[in-house]
Amino acid sequence: MNVSPATALPTGVHRLGDRHVNFHLVQDGTDLTLVDAGLPGHRARLTAELDRLGRSVRDIRAVVVTHGHLDHLGPARWVAVEAGAEVWVHEADAPILRAPLRTARYWKPERPLAAYAVRRPAALAAPLHLARLGALGTRAVPEPRTFTGGERLDVPGRPLVVHTPGHTAGSSVVLLPDRSVAFTGDALVTSDSVGGRVGPCLICRAFTHDSAQALRSLRVMSALDAGTVLTGHGEPWTGGLAAAAAAELAVAAGLR
């Protein structure tokens, strides 16, 4: 297994973001799908990557959101307006997209962030980073398209969406079966800076709605066939049956 910034990604898959947050572009011919959208402050990085690829925002046909947290919605509304792109999310998280600054109506963490910060002041670095990059300025997506899980979406790349609740009620893995790639969002990460862990794990309970359900969802992930795992936080995880191996390691790592 390999967790390395230098990991080569499958053809047509591009990783964006920064050391705290990942999101990804998928190329399908001249069309693009954005898997998650980072933070509002990542808009410039997205446009820079599009320029590098010789594309523009108008080539993005869809945004597929793994779950409804602010660091995954970023400029999704801007993309929808500029490109006429559809924004997709599991139906259970659609209310969050419609009112992202009222997330607490639909999602509550199991533990307070302060419980981690008291023990590890460095735990505050990632939340402060999210605030600096405009998380609290995230714009609503009034009319997202929704899925229930188990279907392939009619968007560039033809991703298969698999419902993996726990982190949020609608948390889902986005699979590219033809490229053996699994985008796990925060249902499985390889860096939990608040909990202080590196390697496949569940994100800590300060950002998890139902940890028992999140553990059960790892069993779903362990049955997925993907050689590259791309998460919302942390480096790519590759090699062999990467999704299955990463899920098993996350189960063994337990909760924090």
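Which residue of β11 stands opposite V189? Select V189 and look across: the partner is C201 in β11. Keep in mind on this tour that the model is predicted.

**Stop 1: the β10–β11 hairpin**

Select residues 189-192, which make up strand β10. Now add β11, residues 197-201. The two strands pair in the antiparallel sense, over 3 bridges. Together β10 and β11 form a hairpin, with 4 residues between them. Click on G196 in the turn: its phi is positive, about 80 degrees. Then colour β11 by burial. Of its 5 residues, 4 are buried, so the strand is largely enclosed by the rest of the structure.

**Stop 2: helix α8**

Move on to residues 242-253, helix α8. The helix has 12 residues. From first C-alpha to last, α8 reaches 16 Å, close to the 16 Å expected at 1.5 Å a residue. Which residues of α8 are buried? Select A242, A243, A244, A246, A247 and A250. Show what surrounds them. The buried residues of α8 pack against β11, the strand from the previous stop, and against α7 (211-221), β12 (228-231) and β13 (237-238). Step past the end of the helix to G254, which follows α8 and has a positive phi, near 70 degrees.

**Stop 3: the open sheet**

β12 and β13 also belong to an open sheet of 5 strands. Trace the order β7-β8-β9-β12-β13; the pairing is mixed. Which strands are at the edges? They are β7 (160-163) and β13, and each pairs on one side only. Zoom in on β7 and select its neighbour β8, residues 172-176. These two strands run antiparallel and are joined by 4 bridges. For a landmark, pick L160: L175 in β8 stands opposite.

**Stop 4: R158, in the loop before β7**

Back up to R158, in the loop between β6 (145-147) and β7. Most residues other than glycine have a negative phi. R158 is not a glycine, yet its phi is positive, about 50 degrees. Is R158 buried or partly exposed? Its relative accessibility is 38%, so it counts as partly exposed.

**Stop 5: D36**

Jump to D36, in the loop between β3 and α1. Here is another residue that is not a glycine but has a positive phi, this time about 65 degrees. Check its surface next. D36 has 4% relative accessibility, so it counts as buried, whereas R158 counts as partly exposed.

**Stop 6: helix α3**

Select residues 76-83, helix α3. Its buried residues are A76, W78, V79 and A83. Turn the view to look down the helix axis. The buried residues fall within an arc of 160 degrees, so they line one face of the helix. What do they pack against? Light up β3 (31-35), α1 (43-52), β4 (60-64), α2 (70-73) and β5 (86-90). Two of these names, β3 and α1, also flank the loop that holds D36. Just after α3 comes G84, with a positive phi of about 70 degrees.

**Last stop: R111 and Y116**

Show the side chains of R111 and Y116. The charged end of R111 sits over the ring of Y116, 4.8 Å from the ring's centre. How many aromatic pairs does the structure hold? The count is 0.

Terms used
Residues numbered from 1 in each chain as written. Heavy atoms only, no water. Buried < 20%, exposed > 50% of the residue type's maximum accessible area, 1.4 Å probe, protein only. Pairing = 2+ DSSP bridges. Expected span 1.5 Å × (residues − 1). Contact = heavy atoms within 4.5 Å. Phe/Tyr/Trp six-rings, centres within 6.5 Å; stacked < 30°, edge-to-face > 60°. Lys NZ or Arg CZ within 6 Å of the ring centre and 35° of its normal. Arc of directions from axis to C-beta.
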